Amino acid sequence: MRTRIAPSPTGSLHLGTVRTALYNQLLAMSTGGEFCFRLEDTDRTRSKEEHTDEIIRGFEWLGIKWHGEMLRQSERDSHYQEHIDRLLSENKAYKCYATPEELDEMRKQQRANKEQEGYDNRSRDLSPAAVAAYETEGRSWVIRLNLGQDRDIQWDDVVRGPMSINTRDLGGDPIIQKGNGQVLYNFAVVVDDYEMQMSHVFRGEDHLTNTAKQIAIYQALGISAPIFGHLPLIFTKDRAKLSKRKHGDIAGVDKYRNEGYLPEALVNYLIATSYSNGVDEVYALDHAAKDFNPDRISKSPAVYDIDKLNWYNREYMAKLSYAELMQELQPYLKYDLAKFDEAQQEALIEAIRGNLNKFSDINQNLVYFFEDEPIEEKLTKFIDEGANVLQELYKLLSADDFDYSDAAAIKDAINALGEKLELKGKKLFWPIRIAISSRSHGPDLGLVISLLGREKVLERLSQCMNSVRS
RNA sequence: GCCCCCAUCGUCUAGUGGCCUAGGACACACGGUUUUCAUCCGUGCAGCAGGGAUUCGAAUUCCCUUGGGGGUACCA
């Protein structure tokens, strides 16, 4: 089995492209076949080298590896020309001299008459005299495939089952080579998939009509087509195809790499949307490959859900050791942890790692260790209500011999204070936590106080006590 | 407009005629643990789009309706 991913470098790496790549790779892996990579850059004006780099970088980050060299369509013009010439000589393709203006006019008429829109094959059977006339006129031409008599084009889709599209619904004889000599996508794909000996082509559902056109080309060329499978699209909550244009950077892989998602999590999430083996939820690529069965790919679109992705990411982050986590966190760290000793750093990071959806979340969990933040309006009442707690705590913590180095001991002291004041739970902890960290959520209080140290803790405490409204 | 595809909790899905009082996961709500926070655990919430037909029996098969989506380029 040979499969491929064939992205077009006209934009950043799209989540849908990644998922398509994943299924193709899974397919190859599960049978010991090969998974290849081809760049669909036939449209020179829209293809950009920066996008090519971006795509490759994205695949590398995700751990998606392909077999052999990356093939560029832009370097294969001679291969295409050979096949074009043959179709021309066999009368399976022809020159069309219609100008864009004429075609526009044709479509306008069709719309006005409520006829089916599409090319009317007017140049299909041009007389030699007519051709000569156009030539002397100096008109340029495109090459169109002669679809011949209307007929059903059929294939057995691995995902969708039996498919049938009639050639009359293809919009007329399709152009396979532009006026400037560049071959069109549908033609290049066929030639390449054939020469690369692809056995299976899995791609997005948006290619369903293209597949019919491509099969027509395979037939004209007299070569056999691969097995096709059409994957459901990825939607957003608004139930439209996830796209960079409409939905911004959530559609691209870069966002997830930049924000500090684990590639394994993104891979897992993407596979699991539209595919399930009925048992596993969290798994790596090679595990999924063991029993991968394309028949189980879902037919209906999958709605992109950031909550689920976050959940996967937390699952994978939880597996990281402290050392691994620190290394991943390093590029995102806005604050210098060096003011804490090694043991303190570890205690801190271990205490807040459960709060992270992604690595870039680290800073928001660290701010109050490095900066003074205003207390949220809705939290100030806890300060007012707990003024006596703060006072008592201040007395305790301002004692010359109070030891700030032992987080557990600090916690014990707070507990003792609670008993003394006959307060417990939120009544005891929230005033303290809010006064010291400006927040109602955070890691263990003993640890926070210990890390902040005498000076900062007393400063914040006294500041809060001064602002109490009695 | 025309062609094509799709249809199980809010979301991802299991389910291939009786094992379904429709299972799991995310999210959400509540409870327990943590005298606070996070974690963890438990419970709950919630669905076969509608209508016909076939059948002793239908989420599962067929038809229609409705809804959603994709395609319809000298883009890919």
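In the predicted model, an N or O atom in the side chain of Ser 276 lies 3.5 Å from a sugar or linking oxygen of RNA strand B. Two further polar approaches to the strand were computed at 2.8 Å: the side chain of Asp 43 places an N or O atom at that distance from a sugar or linking oxygen of RNA strand B, whereas a polar side-chain atom of Asn 210 is found 2.8 Å from a base nitrogen of the RNA. The secondary-structure elements that contribute two or more residues to the surface near RNA strand B are helices H4 (100–112), H7 (208–221), H12 (306–318), H18 (407–421) and H19 (426–437), together with strands S7 (161–166) and S12 (302–303). Of these, H19 gives the most, with 5 residues.

Around RNA strand B there are 61 residues, and those that come nearest are Arg 160, Ser 274, Lys 424, Arg 433 and Gly 442. Divided by class, this surface comprises 23 charged, 20 polar and 18 nonpolar residues. On the RNA side, sugar or phosphate accounts for 76% of the strand atoms within 4 Å of the protein, and bases account for the rest.

Ser 274, one of the residues that come nearest to the RNA, also has an unusual backbone setting, and a comparison with Asn 91 is instructive. Most residues other than glycine have a negative phi. Ser 274, although not a glycine, has a positive phi of about 85 degrees, and Asn 91, likewise a residue other than glycine, has a positive phi near 60 degrees. Both residues are in loops: Ser 274 lies between helix H10 (263–272) and helix H11 (285–290), while Asn 91 lies between helix H3 (77–89) and strand S4 (93–96). Their accessibilities fall into opposite classes, because Ser 274, at 10% relative accessibility, is under the 20% limit and counts as buried, whereas Asn 91, with a relative accessible area of 62%, is over the 50% limit and is exposed.

The largest pocket holds about 1200 Å³ of space. Its lining is made up of 40 residues, among which Ser 8, Thr 10, Thr 17, Asp 206 and His 207 lie nearest the centre of the pocket. Two or more lining residues are given by each of strand S1 (2–5), helix H1 (15–31), strand S9 (200–204) and helix H8 (244–247), and H1 gives the most, with 5 residues. By class, the lining of the largest pocket consists of 15 polar, 14 nonpolar and 11 charged residues.

Enclosed space was also examined, and the count came to 1 cavity of 30 Å³ or more, with a volume of about 30 Å³ for the largest cavity. The residues that line this cavity are Tyr 275, Ser 276, Asn 277, Tyr 283, Ala 288 and Asp 291, which divide into 3 nonpolar, 2 polar and 1 charged. Ser 276 thus appears both in the lining of the cavity and in the 3.5 Å approach to a sugar or linking oxygen of RNA strand B.

With regard to overall organisation, the domain assignment of chain A gives domain 1 as two segments (1–66 + 232–319), followed by domain 2 (77–177), domain 3 (323–370) and domain 4 (377–469). The centres of domain 2 and domain 4, taken over C-alpha atoms, are separated by 79 Å.

Note on methods
Residues are numbered from 1 along each chain as its sequence is written. Chains are lettered from A and ligands numbered from 1 in the order in which they are written. This is a predicted model: local features need pLDDT of at least 70, side-chain atom pairs count only at pLDDT 80 or more; totals for chains, interfaces and linings use all residues. Side-chain values use heavy atoms; hydrogens and water are left out. Helices (H or I, at least four residues) and strands (E, at least two) are DSSP runs, numbered from the N terminus. Buried means under 20% relative accessible area, exposed over 50%, partly exposed in between (1.4 Å probe, protein chains only). On a 1 Å grid over the protein atoms alone, a cavity is a set of points where a 1.4 Å probe fits but cannot get out, and a pocket is an open set with protein on both sides within 12 Å along at least five of seven lines; lining residues have an atom within 4 Å of a point. Grid points are joined across faces, edges and corners, and a volume is the space filled by probe spheres set on the points. Ala, Val, Leu, Ile, Met, Phe, Trp, Tyr, Cys and Pro count as nonpolar, Asp, Glu, Lys and Arg as charged, and the others, Gly among them, as polar. A residue is near a molecule or strand if one of its heavy atoms lies within 4 Å of it. A polar contact is a pair of N or O atoms within 3.5 Å; within protein, one must be able to donate a hydrogen and the other to accept it, and residues adjacent in sequence count only if both atoms are side-chain atoms. Domain bounds come from an automatic or database domain assignment.
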